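User: I am new to this structure and would like a close look at one part of its surface. Please start there, and then place that part within the rest of the chain, taking your time over each step.

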Amino acid sequence: MDRWEALWIVIVAATLGIFIGTLVAIAGVGYIPPSEVEAEYRPTDAVEEFKPGVRSLGDGVYEVNILAYRFSFQPNKIVLENPKEVRFRIYSNDVLHGFNIIGTNVNIMVIPGYVSEIVWRPPPDFEGSYLVICNEYCGIGHSGMFAELVIKR
Ligand SMILES: [Cu+2]
């Protein structure tokens, strides 16, 4: 075997070793997102029944109905007190949108004609103001499509 060929085999093997080693190390540390979420998409044609707003079901459980449209969310400011479990139900009546709470793993596509549901159990130390953005390009005003989530403890 040529000396250079052997050298390149060692370099490639070392690079692969570092790559796989990094993956194993990250998995070993338990790198997991900061909350538990479940997401599902439900077809609906009952648009009239979809009423945007925050509904408290008691004991820290909330249902938040959000209408996503070009280029805003309704309601635009969501205030939750001591939330334990939050069911976000998001509906779009125009184009594809996104619903992403920055700093959390709440991130769901909002497909027109479907109610996108995501259940979020925010960690007890989560409080303050969070930015909610649309992360699916939906048109010229997309960059200004955001909302605010306020968590009070
Ligand atoms: Cu958008």
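Analyst: Ile20 has a relative accessible area of 46%, and because this value lies between the limits of 20% and 50%, the residue counts as partly exposed rather than buried or exposed. This is a reading of a predicted model. Ile20 has its place in helix α1, which covers residues 3–29. Together with Val12, Leu16, Phe19, Leu23 and Val24, Ile20 makes a nonpolar surface patch of about 590 Å². As general background, nonpolar side chains in soluble globular proteins tend to be buried together.

To place the patch, it helps to look at the chain as a whole. The protein chain has 153 residues, and buried residues make up 34% of them. There is 1 helix in the chain, along with 11 strands, and the order from the N terminus on is α-β-β-β-β-β-β-β-β-β-β-β, with the helix ahead of the strands. The accessible surface of the protein chain comes to about 9,300 Å², and carbon and sulfur atoms account for 60% of it. Among contacts with a separation of 6 or more, 62% are between residues that stand 24 or more positions apart.

The nonpolar interior makes a useful counterpart to the patch on the helix. The largest nonpolar core has 26 residues, and those that touch the most other members are Phe73, Phe88, Phe99, Ile101, Trp120 and Leu149. Two or more residues each are given to this core by the strands β3 (61–69), β5 (77–81), β6 (85–92), β7 (97–101), β8 (107–110), β9 (114–121), β10 (128–133) and β11 (146–152). The largest share, 4 residues, comes from β3. Phe99 shows how such a core residue is surrounded: leaving out residues up to four places away in sequence, its contacts include Ile66, Phe73, Phe88, Ile90, Val106 and Ile108. Phe99 also touches Val110, Val132 and Ile133, as well as the two asparagines Asn107 and Asn135.

The strands carry charged pairs too, and the structure holds 5 salt bridges. In general terms, side chains of opposite charge can pair when their charged atoms come close. One of these bridges joins the side chains of Glu63 and Arg55, with 3.2 Å from N to O. Its two partners differ in exposure, since Glu63 is buried at a relative accessible area of 15%, whereas Arg55 is partly exposed at 46%. Glu63 is also among the contacts of Gly53, which, apart from neighbours within four places in sequence, include Val64, Asn65 and Pro75 as well. Gly53 itself lies in strand β2, residues 53–58, and counts as partly exposed at 23% relative accessibility. The C-alpha atom of Gly53 is 7.6 Å from that of Gln74, although the two residues are 21 residues apart along the chain.

A second group of charged residues centres on Glu117, which is buried with a relative accessible area of 3%. Arg87, partly exposed with a relative accessible area of 29%, forms a salt bridge with Glu117 in which the closest N and O atoms are 2.8 Å apart. Arg87 lies in strand β6 and Glu117 in strand β9, so this pair ties together parts that are 30 residues apart in sequence. The side chains of Arg89 and Glu117 also meet in a salt bridge, with 2.9 Å from N to O. Arg89 too lies in strand β6, and the pair therefore ties together parts 28 residues apart in sequence. Through their shared partner, Arg87, Arg89 and Glu117 are joined into one network of salt bridges.

There remains the metal site. The copper ion has as its protein donors the SG atoms of Cys134 and Cys138 and the ND1 atom of His142, which lie 2.1 to 2.2 Å from it. The spacing of these donor residues in sequence is C-x3-C-x3-H. Cys134 is buried at a relative accessible area of 4%, and His142 likewise counts as buried, because its 16% is under the limit of 20%. Set beside these two donors, the starting point of this account reads differently, for Ile20 on helix α1 is partly exposed and belongs to a nonpolar surface patch.

Technical notes: Residues numbered from 1 in each chain as written. Predicted model: local features only at pLDDT ≥ 70, side-chain atom pairs only at ≥ 80, totals over all residues. Heavy atoms only, no water. Patch = residues over 30% accessible without salt bridge, like charges linked within 9 Å, V, L, I, M, F, W, Y side chains within 5 Å. Areas by Shrake-Rupley, 256 points an atom, 1.4 Å probe, with all protein chains shown as cover. Salt bridge = Lys/Arg side-chain N within 4 Å of Asp/Glu carboxyl O. Buried < 20%, exposed > 50% of the residue type's maximum accessible area, 1.4 Å probe, protein only. Core = buried A, V, L, I, M, F, W, Y, C linked by side-chain atoms within 4.5 Å. Contact = heavy atoms within 4.5 Å. Donors = N, O, S within 2.8 Å, 3.2 Å for Na, K, Ca; no water.
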